[in-house]
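Visitor: Please give me a close look at one part of this model, and then follow the chain outward from there. I would like the cut-offs along with the terms.

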Amino acid sequence: MSKKILVTGGAGYIGSHTTVELQNAGYEVIIADNLSNSDPQVIDGITRITGKKPHFELIDCNDRAGMQAIFEKYQGIEGIIHFAASKAVGESVQKPLLYYRNNLVSLLNILELMPLYGVKGIVFSSSCTVYGQPDILPVDENAPIKPALSPYGNTKQICEEIINDSIHSGAPYRAILLRYFNPIGAHPSAEIGELPLGVPQNLIPYLTQTAMGIRPELSVFGNDYNTPDGSCIRDYISVVDLAKAHVIAMQRMINKLSDNAIETFNLGTGRGVSVLELIEAFERATGVKVPHKIVGRREGDIEQVWANPYRANNILGWTAHETLDDTLASAWRWQVRLRERGIM
Ligand code: NAD
Ligand code: WQD
């Protein structure tokens, strides 16, 4: 019998790619999502890729009774991957209470319910945002957590602390905290990908929409940083590679392959790429030009950050394999698919 995994936020960008990899690895996936930032058609995309339809429950994770009903309905859930959260940094500054409620209460509900149903562990979606601007690069998991620059970033720090405190109090489950760097790209089939609502705030969707002619030009936020070409540096990681790390983390957790009840891993490539290098790589990989101009710095931006993925590579046993060019080409194929479907 296949093992049941509950994937909150499984209709979202990273959750949908992870559901594909979980199903391909033989898990039975139950998605719990309120569709606040996703489209139900994603389920069809997952089904077309894997040949298997995941269970889908339209539910707000803040609804404790509703979540409990899911654990009752699907007896024997072994693990949870908790993606469900609000994630727009700028919006979190405007609506902090919404972010604290959505991101914290949903986690509390899940942690309270897990022991009642014998769930073995939780994989939590954290972020490199917890490091702020690191003093040492590449940044490893022992680097200090810096004061958060936004309510969104703060929710990730607080959620990590909540899980830590709970495990240290002797909670009967395990936890793996995954700190993502910058996930980009789409499934190679172009059946699923990132679906930003409104004007994208993140670089890749803005770039692909500009390449498509939806936006006149991409603004490069600053070329006067202390980096080789003056633009900011990030560690861009393929969403498919990222998704695969969740399957490995889940196996590690439910099979108790570690002596530690809680572990933290950076998920990045270990390579820093500047905004200008990224534009160049996209044009090389796709043959499509990206009109762009240099503008002033964006408030709150980190100058440069990239991962030391040693722990993920050597302890978790996961390494990012996709090349930047292939990942950017997948992002473009997804944008083309959105156009074909008349979505964007
Ligand atoms: P996403 O918005 O595409 O997916 C999140 C999903 O959760 C959406 O389908 C949304 O409808 C759902 N959701 C939100 N609140 C919910 C609630 N209360 N109940 C039920 N469903 C709810 O985001 P994503 O990019 O896939 O991010 C997934 C997770 O990874 C988030 O926790 C995010 O903070 C984290 N993360 C993302 C990035 C990134 O750059 N994308 C980087 C680091 C960490
Ligand atoms: C990447 C680079 C911009 C848009 C954010 C969150 C972080 C994490 C990932 C969840 C930066 C530059 C961008 C544009 C640009 N999410 N840029 N023109 O800022 O690294 O991280 O998403 O945890 O918490 O803060 O990602 O994609 O917004 O920006 O020049 O139109 O692209 O300045 O250097 P960021 P991003």
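Guide: F83 sits in the loop between strand 4 (77–82) and helix 4 (89–94). Helices (H or I, at least four residues) and strands (E, at least two residues) are DSSP runs, numbered from the N terminus. The model is a predicted one, in which local features need pLDDT of at least 70 and side-chain atom pairs count only at pLDDT 80 or more, while totals for chains, interfaces and linings use all residues. Residues are numbered from 1 along each chain as its sequence is written, chains are lettered from A and ligands numbered from 1 in the order in which they are written, and side-chain values use heavy atoms, with hydrogens and water left out.

F83 counts as buried because its relative accessibility is 11%; buried means under 20% relative accessible area, exposed over 50%, and partly exposed in between, with a 1.4 Å probe and protein chains only. Its C-alpha atom is 5.4 Å from that of T8, although 75 residues separate F83 and T8 along the chain. Contact means heavy atoms within 4.5 Å. Not counting residues up to four places away in sequence, F83 touches V7, T8, G9, I14, G15, T18, S125, Y180 and H246.

One of these contacts, I14, leads to ligand 1. A polar backbone atom of I14 is 2.8 Å from an oxygen atom of ligand 1. A polar contact is a pair of N or O atoms within 3.5 Å; within protein, one must be able to donate a hydrogen and the other to accept it, and residues adjacent in sequence count only if both atoms are side-chain atoms. A backbone N or O atom of G12 lies 3.2 Å from an oxygen atom of ligand 1, and one of N34 lies 3.1 Å from a nitrogen atom of the ligand. On its own ligand 1 has 820 Å² of accessible area, of which the protein covers 94%; such areas come from the Shrake-Rupley method with a 1.4 Å probe, and for residues only the protein chains shown count as cover. The shell around ligand 1 takes two or more residues from each of helix 1 (13–24), strand 5 and helix 6. Strand 5 gives the largest share, three residues. In total 27 residues surround ligand 1, the closest being D33, N37, S38, N102 and Y152; a residue is near a molecule or strand if one of its heavy atoms lies within 4 Å of it.

Y152 is also among the closest residues to ligand 2, together with S127, S219, R234 and D301, in a set of 18. A polar side-chain atom of Y152 lies 2.6 Å from an oxygen atom of ligand 2. For N202, a polar side-chain atom is 3.1 Å from an oxygen atom of the ligand, and for L203 a polar backbone atom is 2.8 Å from one. The protein buries 87% of the 680 Å² that ligand 2 exposes when taken alone. Strand 8 (residues 218–221) gives the most to this shell, with four residues.

Another contact of F83, Y180, belongs to strand 6. In strand 6 (residues 174–180), seven of seven residues are buried. In a regular strand the side chains alternate between the two faces of the sheet. Here R174, I176, L178 and Y180 are buried on one side, and A175, L177 and R179 on the other. Strand 5 and strand 6 run parallel and are joined by seven bridges; two strands pair if DSSP finds at least two bridges between them. Within that pairing, I122 stands opposite A175. The chain passes from strand 5 through helix 6 to strand 6 in a right-handed β-α-β crossover, a term that applies if, with the strands pointing away from the viewer, the path from the first strand over the helix to the second runs clockwise. Strand 6 also pairs in the parallel sense with strand 11 (residues 262–267), over six bridges, and A175 stands opposite I262 there.

The loop between strand 5 (121–127) and helix 6 (151–168) holds P138. The peptide bond from L137 to P138 is cis, with omega near -5°.
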